[in-house]
Amino acid sequence: MAERAKEGIVAPTGLIAHGRGEAFDYLLGERTTENARRAEMTAVAFLLGGNRPVISVNGNTAALCAKEVVTLAQATRSRIEVNLFHRTEERVEAVCSFMEKAGAEEVLGRKADSLLPGISSDRAKCTKEGIYSADVVLVPLEDGDRAEALVKSGKKVIAIDLNPLSRTANAAHVTIVDEVTRAIPAMIEMVPELRRNGDRRLALINSFDNKRNLEEAMGIMCANLSSSRP
Ligand code: ATP
C-alpha cells in the first residue's frame, strides 16, 4: 500500500482507511467467517442476476486486488468503473491504467458523463454506461455518502467493509464483513456453482437479512474481544 501511495494510486487518506480496516480485521480474527461466506454467496447471486452489474473500483481496491477484481468482473459479466474520492485526472488515469495492466479489457471512468444524484463531491461523477445505469453495484471499501446515494438511486448495493458499524455497511443491501483480498477470491470460487443454480441464487437473495448479518458480525467481534485475554 505504501508503494502504491508513492505511485499515486492510493491517496494518503486511503492509507488511514486501510488502517481502520486492519483494526476491524483483528477483531474479526483475520479470517472469513461463515457469516461473511453467506454474504459473499448472496453478493455473487446478485451480480449474476443483475442486468447491468458494475464493480466500482477506488485506489485501495486497485492496489490490493486489481487482478482478482478483473477475474470476478469477467466471471460475473460485470463492468469495471473507476470512481475516486480524491479525484484528479492524473489519479483517474493512473488507476484506470493500473486495472488495464492487471488484465481489464475495458475500464470505465475516464470520461465521466453523468452525475449520481444526492452527492455534492466529485464522487458523484460517473458514466452513463456504467454506474449511472447499473442495477447492481459492488462497492469494495466505500464511503457512506456514496453508498447511501447509490441505494437512494434504486440500485442493489453490495459493500465489502470490515467495519460493521460504518454508514456504508448499514446502507448497503448486502455487506460483506471480510477483508477485500479474502472476499473477492472467495466470491470468484462461488461463481461456477451459483451460475448453474438459479433456484439457489433466488433462495440466497430472498433469505438474506443485512441487519441480522451485521449483528452477527458484531457478535463475532465482541466474542473475540471478550475471549482473547493475554
Ligand atoms: P462510512 O463513511 O461508511 O461511515 P468511513 O468514513 O470509514 O465509513 P471510508 O473512509 O471510505 O469510510 O472507509 C472505508 C471502509 O473500508 C472502512 O470502514 C474500513 O474499515 C474498510 N476497509 C479498509 N480496508 C479494508 C480492507 N482491506 N478490506 C475490507 N474493508 C476495509
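Helices, here runs of H or I of at least four residues, and strands, runs of E of at least two, are taken from DSSP and numbered from the N terminus. With that numbering, Arg77 falls in the loop that joins helix 4 (59–76) to strand 2. The structure described here is a predicted model, and the account below moves from the backbone to the sheet and then to the ligand.

**Backbone**

Most residues other than glycine have a negative phi. Arg77 is not a glycine, yet its phi is positive, at about 55°. A second such residue is Glu30, whose phi is positive and near 50°, and which is located in the loop between helix 2 and helix 3 (34–49).

**Sheet**

Six strands form an open sheet with parallel pairing, and their order is 3-2-1-6-7-8. At its edges are strand 3 (107–108) and strand 8 (174–176), each of which pairs on one side only. Within the sheet, strand 1 (residues 53–57) runs parallel to strand 2 (residues 79–82), the two being paired over four bridges. Ser56 is the residue that stands opposite Glu81 of strand 2.

**Ligand site**

The ligand takes up the space of the largest pocket. Around the ligand there are 18 residues, of which the closest are Arg20, Gly144, Asp161, Thr168 and Glu179. Sorted by class, this shell holds seven charged, six polar and five nonpolar residues. Helix 2 (12–28) and helix 7 (167–171) each contribute at least two residues to the shell, and helix 2 gives the largest share, namely four residues.

Three polar contacts between the ligand and the protein are set out below, with the kind of atom on each side.

| Residue | Protein atom | Ligand atom | Distance |
|---|---|---|---|
| Arg167 | polar backbone atom | oxygen | 2.9 Å |
| Thr168 | side-chain N or O atom | oxygen | 2.6 Å |
| Glu179 | polar side-chain atom | nitrogen | 2.6 Å |

Thr168 and Glu179 thus appear both among the closest residues and in the table, where the side chain of Thr168 lies 2.6 Å from a ligand oxygen and that of Glu179 lies 2.6 Å from a ligand nitrogen. As for the surface of the ligand, 630 Å² is exposed when the ligand is taken alone, and the protein buries 85% of that area.

Conventions. Residues are numbered from 1 along each chain as its sequence is written. This is a predicted model: local features need pLDDT of at least 70, side-chain atom pairs count only at pLDDT 80 or more; totals for chains, interfaces and linings use all residues. Side-chain values use heavy atoms; hydrogens and water are left out. A residue is near a molecule or strand if one of its heavy atoms lies within 4 Å of it. A polar contact is a pair of N or O atoms within 3.5 Å; within protein, one must be able to donate a hydrogen and the other to accept it, and residues adjacent in sequence count only if both atoms are side-chain atoms. Accessible areas come from the Shrake-Rupley method with a 1.4 Å probe; for residues, only the protein chains shown count as cover. On a 1 Å grid over the protein atoms alone, a cavity is a set of points where a 1.4 Å probe fits but cannot get out, and a pocket is an open set with protein on both sides within 12 Å along at least five of seven lines; lining residues have an atom within 4 Å of a point. A molecule sits in a cavity or pocket if more than half of its atoms lie within 2 Å of its grid points. Ala, Val, Leu, Ile, Met, Phe, Trp, Tyr, Cys and Pro count as nonpolar, Asp, Glu, Lys and Arg as charged, and the others, Gly among them, as polar. Two strands pair if DSSP finds at least two bridges between them.
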